[in-house]
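Biologist: Before we discuss any details, could you put the structure in front of us?

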Amino acid sequence: MPRLTRFLGGLTALFRRTRAEQELDEELRAYLAASVDAKIEAGMTRDDAERAARIEFGGLEAVKDETRDAGWETSVEQLWRDVRYAARTLRKSPAFSAVVILTLTLGIGANTSIFSAVNAILLRALPVERPDELIALTALYPNGPEPFSYPAYRTLATDGARVADALAASTTRREAVAIDGPPEAVDLKWVSGNYFTALGVPAATGRLLIPADDPQPPGVAVTAISEAFWTRRFGRDPAVIGRGVRLRGTTFVIVGVVGRGFTSETPGESVDLWMPLTSQPGAPGFLWNGHSSTWLRVLARRRPGVDLAQARAALDSAYVRVRDDIAAKADTAKVRESALASRLDVAEASRGVSRMRDTLATPLIVLMAIVGLVLLVACANLATLMLTRAVARRPEIAMCLALGAGRARLIRQGTIEALMLAALGGAGGFLVAFWGTSVIASLMSGVLPMALDIHPDARVLAFAATAACATAVFFGLLPTLFATRVEPHGALDGGKRSGRGGRGIRGASSGSRSSRVPFGRTLVAIQIAVSLVLLLSAGLFVRSLMNLKEIDLGFDPARVVLFPVRPTVSGAQAMPPDMRRQLIRDRLERAASVPGVEAVSASSSGLLSSDRWRNVVAVDGFTPPEGVTPRSWVNAITPAYFDVTRIALLRGRAFSDGDGPQTPKAAIVNEAFVRQFIGGPSPSNAPVPSPEASPLGRRVSLCRSDPCDPSTATTMEIVGVVENAKYSDLREIAPPMLYIAFTQHTQNLNEIQVRATGDADVASTLYRALAAGDGRLAITGMMSASERVEASLVAPAMAAKLSSAFGLLALALAAVGLSGLVAYMTTQRTKEIGVRIALGATRRDVRRLVLGHTIRLVVIGAVLGIPAALAMARLLSGLLYQVDPYDPLAISLSVAVLVCVALASAYLPTQRAARIDPVKALRMD
Amino acid sequence: MAPDVKPGGLVQGTLHMLILKTLTLEPLHGFGIGVRLEQISGGGFQVKAGSLFPALLRLERDGFVRGEWRVTENNRRAKYYHLTPRGRAQLKRETRQWESQSLAIARIMAATPGEL
């Protein structure tokens, strides 16, 4: 209570200032009058009484001050006065203020933008109810994490039901569906019926999937659609509910739209349709029984009152049953062993599950470090600026101190000034971040999924505010602390040297030179060091990108257009292999008939796509070392594949139309395959094949089991050898590759490749020609092969671009800082230089004097910077492609650039120093 | 509150108590309080305006006293302070505290060499 009344009293006084002032004045005068009256009564004359009363009373204003200070409101008033004073000071030097605010806006803006991405990818919780209750279950095998099979999920969900409500989801799949029209491509996710109820996601309209949608066979197949799909495809038509979506011959009824900005349990994944996983049309029986197919991610919501440890314990014991079941049903000892060695990982999952988080965490942290360092350099610059200003303002500060202002008050004054600048800069930076995040989004498109919302939120705002405060402390408080360490008499002496070793500015100047711009040199050295770190990082990223760009792809992406295709019906009955082949042939013919098309092919794994197939193989004459199963990547292709991709045929022949289901099975392998399984270096205990051994005619088997059982394997004869080509990742060394003829196997072909003759744009004509074909095969996309190559270079290209941009920015800031410092020091020493010249020093001597300073600073900066840069390089090594983090070229280049820029920035001030006229210099002040 | 000894030997903080005490009998204006303190203490305390008015402001903010403008016996306007019920309770609390403290101090100071 007293605290409240005290507060209210202060508030009243604040708002009725003049009234309170008048009242106090009147009260004190009344006191004086009463005192005089009393003294007269006691027998003094009026004059004596008045004088005595005044002496007793003390200074009227002093008493007023003391009384006012008893309330809290005075400190608010002082603060307000300081704020107004700071605003006035900043307005008086608009150029200075503008430079500071602009620098901070850019620095904080860059940091806030990158932080927005960090926030969205690494920090933000899923938009669901109580996300902290979510846990992610993963089976950890000796070889790494594995998704779950359906029976495994069922066991975990049933046995763990007491502690958690477990839900399952497949990864998103591109599928072709028909919604009252031709097939269209959608991103589809198969989920358990309790997916939305367990996650706690509300419907925007209609209802979402519910556990009752789970039973098999379903009465009516249903689907929920995303808000984005609702907007994009249906224009947010509320009548969408009840419409049918046909997928592989089954109609799914749309029951609702997912609300609250929920996109997926995996942040960044974009999903158009969610369907109950039990309703999958044409799902093979092994999906439901047995563990051969692991395709489900499992998340769970802990029951109220169950903590992570309890959930872990209960789910662990449920997993033991899963593990035993896998082991019991295993075909081979190997599968059994690895199942028994596996364990369940239960982790907190408020932010959902994400592979993206793992892959992007290091690059993002590196990027954050880079922009953080840029901000540091910017702050160092501002601190130098503030310092020089503070030095210039020292007489003013000394005057304030002499007049009785406390040092604390002056520091507060300086801090408020810095905070005002930082607040403006921080606000600007937050606005810049809105624009910056779209730049980042476009730079990272291809790396960052489109569905990821990286726009600034409250946490980003808090970050910007914190960054602003931190910068204010760094560039504002430190210089102020220094500047107020003045003894009034020394500073007020002005130009006359005190000579008594006082701590006034001139007094200090006679002693050590460096303290003229105290720790200005340190700041510039730090800037140089940090710039070096950033330059080296940029150099390494650029070298890495250059290496990546020079990679021999093995194929020629120019003028090739890729079309992913997808069957719209499934099941062996609906689409026998012959019909599938016929559908593909039909499409290839349509594409070939388009004018300007040179060659057309199709393959089961797309060029540089992640959709790939690896299989156990057996090669005649190759005995694998103990415990190693030979495996090769496999791709089913049409005859023209090598003509379209221009993968060079080294020996033998390519497939032809003659290779049919009836003819002997043929295979083509790449050089890596030959080297690994037929000729060339082989593991020590394997038989060494003779170098002359020709791969042609050698028999190779595609096995169905591990180890290979010849009775079930498909055996082929190698008819050709092609050059190595990059398969799915540019960075990896070309792996062994086995090409098989699509006519002799049943694999679906998932991509059509078309090579055009000229640069003329045939893509859209092609798309129309291809899309017009039989509806059982849908075209789900279009992309040029070069675009796909570019897309796989997006991350390194972005790293190179951003690090170069930030490195140059830091370098520019450091150059400005250095140039400013040298110029300032030269001005300070004009007189001294004048004396030197008068005593016979030549211009060259003066130049050497000033440049000597610069060089010393650069050397100090480099000595500090090189170890830091090397440490940074070590951190980056995982992100580089074939670049030694201690790459001597990158290191020497960045040092050279730094030295050149430093010397160039010192050039002007040096010239000015050399042109000093001794007569004028000596007449100064 | 820190026992800050002011010139005149008055422990800071006790001034508030003393002011409250002078007001128990009747409302007084600032000068009146000073005179009353001096009279009662037999001239021992001379409270300066620079201490008196900040103390009055604090007491008023805390709601222990309330000021009112009135006309004095000499026909001048002055702000008279009177004790609020809360102030009365506060005075009682502080008096009790003071008594126990001063008693303890008195005992220590009256200790004979043997007891030390």
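What follows is a conversation about the contact between two chains and about some aromatic rings.

Modeller: This is a predicted model, in which local features need pLDDT of at least 70 and side-chain atom pairs count only at pLDDT 80 or more, while totals for chains, interfaces and linings use all residues. Residues are numbered from 1 along each chain as its sequence is written, chains are lettered from A and ligands numbered from 1 in the order in which they are written, and side-chain values use heavy atoms, with hydrogens and water left out.

Biologist: How many residues of chain B are in contact with chain A?

Modeller: Contact means heavy atoms within 4.5 Å, and by that rule 22 residues of chain B are in contact with 27 residues of chain A. The area buried between the two chains, which is the accessible area (1.4 Å probe) that two parts lose on being put together, summed over both, is about 2100 Å², and carbon and sulfur atoms give 56% of this. B:Phe31, B:Phe53 and B:Arg61 supply 34% of the area that chain B buries against chain A, more than any other three residues.

Biologist: Why is the meeting of A:Asp37 and B:Arg76 called a salt bridge?

Modeller: The term asks for a side-chain nitrogen of Lys or Arg within 4 Å of a carboxyl oxygen of Asp or Glu. The side chains of A:Asp37 and B:Arg76 meet at 2.9 Å, N to O, so the pair satisfies that rule. Across the interface of chain B and chain A the rule finds three salt bridges.

Biologist: What makes the pair of A:Phe622 and A:Phe677 edge-to-face?

Modeller: Rings of Phe, Tyr and Trp (its six-membered ring) pair if their centres lie within 6.5 Å, and planes under 30 degrees apart count as stacked, over 60 as edge-to-face and the rest as tilted. By this rule the count comes to 22 aromatic pairs over all chains. The centres of A:Phe622 and A:Phe677 are 5.1 Å apart and the planes stand at 80°, so this pair is edge-to-face.

Biologist: How do you know that A:Phe677 is buried?

Modeller: Buried means under 20% relative accessible area, exposed over 50%, and partly exposed in between (1.4 Å probe, protein chains only). A:Phe677 has 2% relative accessibility, so A:Phe677 counts as buried, and A:Phe622, at 14%, is buried as well.

Biologist: Why is the pair of A:Tyr641 and A:Tyr739 called tilted?

Modeller: Their ring centres are 6.0 Å apart and their planes are at 45°, so the pair is tilted.
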